[in-house]
Amino acid sequence: MSAQPPEQDYQALIAAEGAVWGAAARDLAAKWRPDWADMQRTRHYAVVDGRHIRQLLALVQLGWRVLEIGCSSGCISLEMARRGAHVEGIDVSAEAISIAQAYAAEHPPRGSLVYRLADINRDPLPESHYDLIVALGVLHHLIDVRAALERIRAALKPNGLLYVSDFLETPTVNALIVGAFTLLLPAELSYRDKIRHLLRLRTRAVERMKASMETRGFSPFEGSGRHQDSLQAVRGLFHVEWVHIHNAFVRPVTANLAMPERLAVLIGQLLSPFDELAVRLRLLQGLSYKLIARRA
Ligand SMILES: C[S@@+](CC[C@H](N)C(=O)[O-])C[C@H]1O[C@@H](n2cnc3c(N)ncnc32)[C@H](O)[C@@H]1O
């Protein structure tokens, strides 16, 4: 468990967390509608996570009660509600929630959909209530992952499902590979600046690359839960039915590409089979995991 900041600091930090993610949601919504129909064409989903989101969507049954934690601007919650589920999307970002609400009001789904501001570190959840709880890229932001998972477990109906997508540690070799691709392929920095940085940082460049891959410092709680081994914590509290470890380098390499989206998607799709093979043959460790677990 990470150290808990004093109450006053916590309130300021969680407000800042919401503000950072609100700005990110606003920037994203300026380019892409918060709708799975559009979002699945972005490099992140088209290259890395799209098939897992489709797998998650295929789980959702008509009439299910579903909670999405850290729903941001809501495209996955909306898509689950379109499948006839009764969905609640929660997030600490008021701005992300209001983008989600505005879009859903214009595109009402078949099921029901409520977005609300809530903090999974603190706010209570109803007991034995949900058929499915979804946490995509959020556990690594939590100050006490195990305590949150205990409350998530209590909020699921007996036999209810948990779907998690999150990150593992970043091995040095992965950082070296991502660094090499970032050096070779067009990125935000010019080639001259990239070489300059490399000469200046030397061996510290690897640590810098790791920090950039983990987006350390991006928001106040970015990475708070990263060292708490969320995968192990889920295994200790739930019956894990399926787990997939993947993405040795393709996600950060693709994210760093400075080029039109379609070209970035193409390059990511060309690299993906090599990434998958390297993880399957255990030549490289995956940086991300997905899992489906059941409340026993
Ligand atoms: C990395 S983003 C992931 C967003 C989205 N789930 C996705 O996969 O694109 C993390 C999200 O979790 C939210 N978040 C962070 N801490 C939270 C908390 N304690 N309770 C609820 N949401 C939180 C952030 O505001 C942000 O929208």
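This passage walks through the sheet, the cores, the ligand shell and two unusual backbone angles in a predicted model.

A good place to start is strand S1, which spans residues 65-69 and is mostly covered, with five of its five residues buried. In a regular strand, side chains alternate between the two faces of the sheet. S1 shows two such sets: Arg-65, Leu-67 and Ile-69 point one way, Val-66 and Glu-68 point the other way, and all are buried. On one pairing, S1 runs parallel to S2 and is joined to it by five bridges, with Ile-69 standing opposite Ile-90 of S2. Helix H4 (residues 75-82) belongs to this part of the fold too, since S1, H4 and S2 make up a right-handed β-α-β unit. S1 also pairs with S4, again in the parallel sense, this time over four bridges. Here Leu-67 has Ile-133 as its bridge partner in S4.

That link leads straight into the hydrophobic interior. Nonpolar side chains tend to be buried together in soluble globular proteins. The largest nonpolar core in this model holds 54 residues, and Val-66, Leu-132, Ile-133, Val-134 and Leu-162 have the most contacts inside it. Strand S4 (residues 130-136) gives the most to this core, putting in six residues. Apart from its neighbours within four places in sequence, Ile-133 touches base with Leu-67, Ile-69, Ile-152, Ala-155, Leu-156 and Leu-162, all counted as contacts. There is also a second, separate core of 18 residues, including Val-47, Met-209, Phe-249 and Val-279.

Turning to the ligand, 20 residues surround it, and the closest are Trp-21, Gly-70, Ser-72, Leu-136 and Gly-137. Two elements, helix H1 (7-31) and strand S2 (86-91), give two or more residues to this shell. H1 supplies the largest share, three residues. Sorted by class, the shell is made of 10 nonpolar, seven polar and three charged residues.

Ser-72 deserves a second look. Most residues other than glycine have a negative phi. Ser-72, however, has a positive phi near 50 degrees, and sits in the loop between S1 and H4. Ser-72 counts as buried because 26 other C-beta atoms lie within 10 Å, and the cut-off for that label is 20 or more.

Asp-229 has a positive phi as well, about 50 degrees, although it is not a glycine. Asp-229 is found in the loop between helix H9 (204-213) and helix H10 (230-237). With 15 other C-beta atoms within 10 Å, Asp-229 is partly exposed.

Definitions and conventions: Residues numbered from 1 in each chain as written. Predicted model: local features only at pLDDT ≥ 70, side-chain atom pairs only at ≥ 80, totals over all residues. Core = buried A, V, L, I, M, F, W, Y, C linked by C-beta atoms within 7 Å. Buried ≥ 20, exposed ≤ 12 C-beta atoms within 10 Å, placed from the backbone. Contact = placed C-beta atoms within 7 Å. Near = placed C-beta within 6 Å. Nonpolar A, V, L, I, M, F, W, Y, C, P; charged D, E, K, R; others polar. Pairing = 2+ DSSP bridges. Right-handed = clockwise from strand over helix to strand, strands pointing away.
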